[in-house]
Amino acid sequence: MTIDFKGKDILNGFQFSNQELNVIMETASYYEMRVKRGEIIKDLEGLVVATLFFEPSTRTRLSFEAAINRLGARVASMAEPANSSIAKGESLEDTILTVDGYCDCIVMRHPVSGSAARAAEVAVHPVINGGDGTSQHPTQALLDIYTIRKEKGHIGGQTITFLGDLKYGRTVHSLGYLMQQFNNKMIFVSPESLRMPEEITAELKSRGADIEETDDIKYALSQSDIVYVTRVQRERFPSVEEYEKCKGSYILNNDLLKYAKPGITIMHPLPRVDEIATELDTYEGSAYFRQASNGMYLRMALLGLVTGRHNICYSI
Ligand code: NCD
């Protein structure tokens, strides 16, 4: 079966078949090999990719822009919406219709859940969701499974603990679906008020996910091949008081690691505040900075695929 991604939008963590996921993984590793060989890659030569970031970003924007540059395309960037016509009251739809006329692909991060899907309805060119509110962050989840594949040798059949802000953290909302698709067991550990939204847990279970919820971090670590830590999403809280109640409520450090399954891999989408002690950075299973570098290869793969410029046919 041949998979064709040309023109497709990348909007959420539940849109992919396992075959599509395998094609994305193979393409990311193909680009990683070419970059590491020092090749000058021209697959996207002549194309322009717009990056519209209506929320702060370091890794997602810079890895996309590095990916665009490494593929030989050019970037049209709106990193400061305060300096754009958004500040004059222009609607998202009008902005997208305009940008769509300038470029071949749009990468967008926006504070409103569902905004990427809305942009995709309006745009002719493919839209890639770089995070929409508390909803989804599919490119992060894809680089997460690419990282798991590299760190563990395979993606499926493992136990992963999601630790932290599972309510507002969009990365785990996307990754949960991919973990389920590859038959991993998931353990959710969070402060009571930051539990995984019920509708997502229910949806995952209806797809056959094996999910356990607990507040016993030591037990969860002892069972897990991977722990995926997330930041308390301060900017999403209704009030500072609510945030203060939750902040610092879990911190992974050397003491806690003693309870973990030997060889556990520690992941985090970053930015980290204090939820992983820096003393863990030298632990060999700490994969979070490797995870961040994998993001560029994965995003090269997505850009190559949705523009139709990476046209190696994988028959799976
Ligand atoms: C995440 C995000 O923006 O959702 N960051 C990222 O893209 N790596 C996680 C976060 O902000 O905590």
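In this report Ala, Val, Leu, Ile, Met, Phe, Trp, Tyr, Cys and Pro count as nonpolar, Asp, Glu, Lys and Arg as charged, and the others, Gly among them, as polar. By that scheme, the shell around the ligand holds three nonpolar, five polar and three charged residues.

This is a predicted model, where local features need pLDDT of at least 70, side-chain atom pairs count only at pLDDT 80 or more, and totals for chains, interfaces and linings use all residues. Residues are numbered from 1 along each chain as its sequence is written, and side-chain values use heavy atoms, with hydrogens and water left out.

Let's meet the shell: among its members are Thr60, His137, Thr171 and Gln233. A residue belongs here if one of its heavy atoms lies within 4 Å of the ligand.

Next come polar contacts, pairs of N or O atoms within 3.5 Å.

| Side chain | Ligand atom | Distance |
|---|---|---|
| Arginine 109 | oxygen | 3.0 Å |
| Glutamine 140 | nitrogen | 3.2 Å |
| Arginine 231 | oxygen | 2.8 Å |

Taken alone, the ligand exposes 320 Å², and the protein buries 93% of that (Shrake-Rupley method, 1.4 Å probe).

Where does the ligand sit? The space it takes is the largest pocket (more than half of its atoms lie within 2 Å of the pocket's grid points). A pocket is an open set of points on a 1 Å grid over the protein atoms alone, where a 1.4 Å probe fits, with protein on both sides within 12 Å along at least five of seven lines. This pocket has a volume of about 410 Å³, the space filled by probe spheres set on the points. Of its 21 lining residues (an atom within 4 Å of a point), the closest to the centre are Arg109, Arg170, Arg231, Leu270 and Pro271.

Note on methods
Polar contact = N/O pair within 3.5 Å; in protein donor to acceptor, adjacent residues only side chain to side chain.
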